Amino acid sequence: MKQHFVCLLACFYLFNFNAQDKTIKVESDYQQITVYLNGAEIKRSANIGLKAGKNKISMINLSNSLEPSSVQVGIGNDVQMLGIASQNDFLSAEELVPRIKTIKDSLQIVQRELKTIDNTLEGYHTEKTMLIQNQKIVGSNATVTVAELDKATTFFRKRIWEINEGKTQLEWDRSDLQEEQYKLQRQLNELNAQTNPSRKVVNIELDSPRAQNVEIRLRYLVSNAGWAPAYDIVAGDIEKGIDFKYNGKVYNNTGLDWNEVQLILSTADPYECATAPVLTPWNLNFNRSRVPELIQGNVYDGLGRENMKVPSLTSEPNSQSGLLIERNDNFQEELFIPSEGGQSMMVSLPELSAEFEIEKLYSIPADRKSYLVKINEFDLDAQFEHFAVPKMDKDAFLIAKLSSWQKLDLIDGPANIYYGDTYVGESIINTRNTNDTIDISLGRDKQVLITRVKKEDFTKNKSLGAKRKERFEFEITLKNNRNIPVVVAMKDQIPVSQVDDIEVTSLEISGGKLEEDNGIITWDVELNPGQSKKYVLAFEVKYPKNKKVALERRKVMNARWY
């Protein structure tokens, strides 16, 4: 009797100990998500009832990309925190992602049907083997009459035909089921890869002075999330300003959907250290960027589209991505932003980080896609001017100059350009230059007409002793078909001699400004509505007779021969 009492008492204490140490599993709700250019900070909360004394709590179903060292927990002032730890929770994939269970159930049905077909085919094979063996026995039996033999062979022939027909149909069915099995398995593999069904759990041990309800606030960093800028620039007409739409493309690859959450987009670095900043020398130097003068290095067509790219008489930027990558000695920081295609783009950021609080709630699924989030919209004043290089392109390009753009907290990124109701193309906003204005090409303006004609009557080729002299003359005509005045910055050029034996003389530039070092001529043309103006460009070249000089520049393009 005493032994039974001790056993019951031990069981009682064991049960009581397990009851006291029971861990409470808690699901938490999103409160706010701060998305950085590379990473995100998640804020979640949950209400829970604590008993007096020690409490063990598990915050479950957290993203597998949670950074364990970043976990922070906040609770009421009178609750003491005893410990925090995170761990992996390898729950079943079906419990975390219901669609996985659906696909697995379908896959199991297909596999069961395939097994039934295999069993039936095996039965057909066995029956056919027995029929063939019995047919031989009947054929070798001399006591069988002709009528009985005919009846037996008819039976064997019909039954074997039925078996063969049955096997053929089953093999077709098997082929269809195997294809379905392959598709389901691929879906399952892809879904497992996308959703990453394993999860993180944060275990918290608390000591409460009394039984009470408290709010537990959890915050942590996750990788596999971020955002990149995306702009829409809409110009109604050259008499109006610019509608500048600042957007962010947010992606969430954390394995958990963000449903109706409060978002903040930030340019800060979530992984920066907590030590106090130290000032280093601030060195100024000239910007050695190889940017075409025509667009001041601020905006140009990163995709090389003809309708956006402004022609240049100087060297083009050497950048495949359409974004200049050059380190300057000013106070800018460069970061890599992953794009949707998996590539990275280097951007420059001011030292002082910016945060954009998004007013409406957004849902960002964890599906490896980026979703557009509206940050802000501005009505900006713009100064419009036209730009033309008639030697290289017969069209004039409309340029919008935006001032006071620094207050917008812009980041390098792509911009969709619209002129009126027409999509013009995509450009790249480059904030690396500290100019007061940022220039945006709005594409070709077909209402400003330009012609450049070589005057054959004035083109002469003469010999003067040991020298040859050639004269070239061009007539350039501009016409404004708009009903408002326009200003056109027009450029052309004359050749520049690199040796003493070649002499170049400018004969007529119709009031243009000639840069002697590079031969580029600039005209600032003001045209009233319907007005036309003509300009003459003439120059002369002398060189030795016994030498050849290429006096016409030609462009090279790839051609396909058929």
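Which residues does aspartate 243 touch, not counting residues up to four places away in sequence? Keep that question in mind as you look through the views below, which come from a predicted model.

**View 1. Aspartate 243 and its surroundings in strand β10.** Here we zoom in on aspartate 243, which belongs to strand β10, the stretch covering residues 242–252. Leaving aside residues up to four places away in sequence, aspartate 243 touches Asp232, Ile233 and Val234, and also Glu377, Phe378 and Asp379. Does this charged residue end up buried or exposed? Aspartate 243 is buried, yet has no salt bridge. The nearest side chain of opposite charge belongs to lysine 245 and is 4.2 Å away. A salt bridge is counted within 4 Å, so the pair formed by aspartate 243 and lysine 245, at 4.2 Å, does not qualify.

**View 2. An open sheet of six strands.** Try following the strands in their order, β5-β8-β3-β2-β12-β16. The pairing in this sheet is mixed. At the edges stand β5 (72–74) and β16 (355–357); each has a single partner strand, so one side of each is left without a neighbour in the sheet. On average, neighbouring strands here are turned by 20 degrees against each other, direction ignored.

**View 3. Strands β3 and β8, side by side in the sheet.** Now take a closer look at one pair from the previous view. Strand β3 spans residues 39–50, and strand β8 spans residues 212–222. How many bridges join them, and in which sense do they pair? Eleven bridges link β3 with β8, and the sense is antiparallel. To find one of these links, start at leucine 50 and look across to its bridge partner in β8, glutamine 212.

**View 4. Strand β4 pairs with β1 and with β7.** Strand β4 covers residues 53–62. With strand β1 (residues 23–26), β4 pairs in the parallel sense over four bridges. Valine 26 has methionine 59 of β4 as its bridge partner. With strand β7 (residues 199–208), β4 pairs in the antiparallel sense over eight bridges. Here you can pick out glycine 53, whose bridge partner in β7 is serine 208.

**View 5. The protein chain as a backdrop to the close-ups.** Stepping back, you will find four helices and 30 strands in the protein chain. Of its 562 residues, 38% are buried. Among contacts between residues at least 6 apart in sequence, 76% join residues at least 24 apart. The chain exposes about 33800 Å², and carbon and sulfur atoms supply 50% of that area.

Notes. Residues numbered from 1 in each chain as written. Predicted model: local features only at pLDDT ≥ 70, side-chain atom pairs only at ≥ 80, totals over all residues. Heavy atoms only, no water. Helix = DSSP H or I, 4+ residues; strand = E, 2+ residues; numbered from the N terminus. Buried < 20%, exposed > 50% of the residue type's maximum accessible area, 1.4 Å probe, protein only. Lys, Arg positive; Asp, Glu negative; His and termini not counted. Contact = heavy atoms within 4.5 Å. Pairing = 2+ DSSP bridges. Areas by Shrake-Rupley, 256 points an atom, 1.4 Å probe, with all protein chains shown as cover. Axes fitted to C-alpha atoms, helices over the stretch in contact; angles between N-to-C directions.
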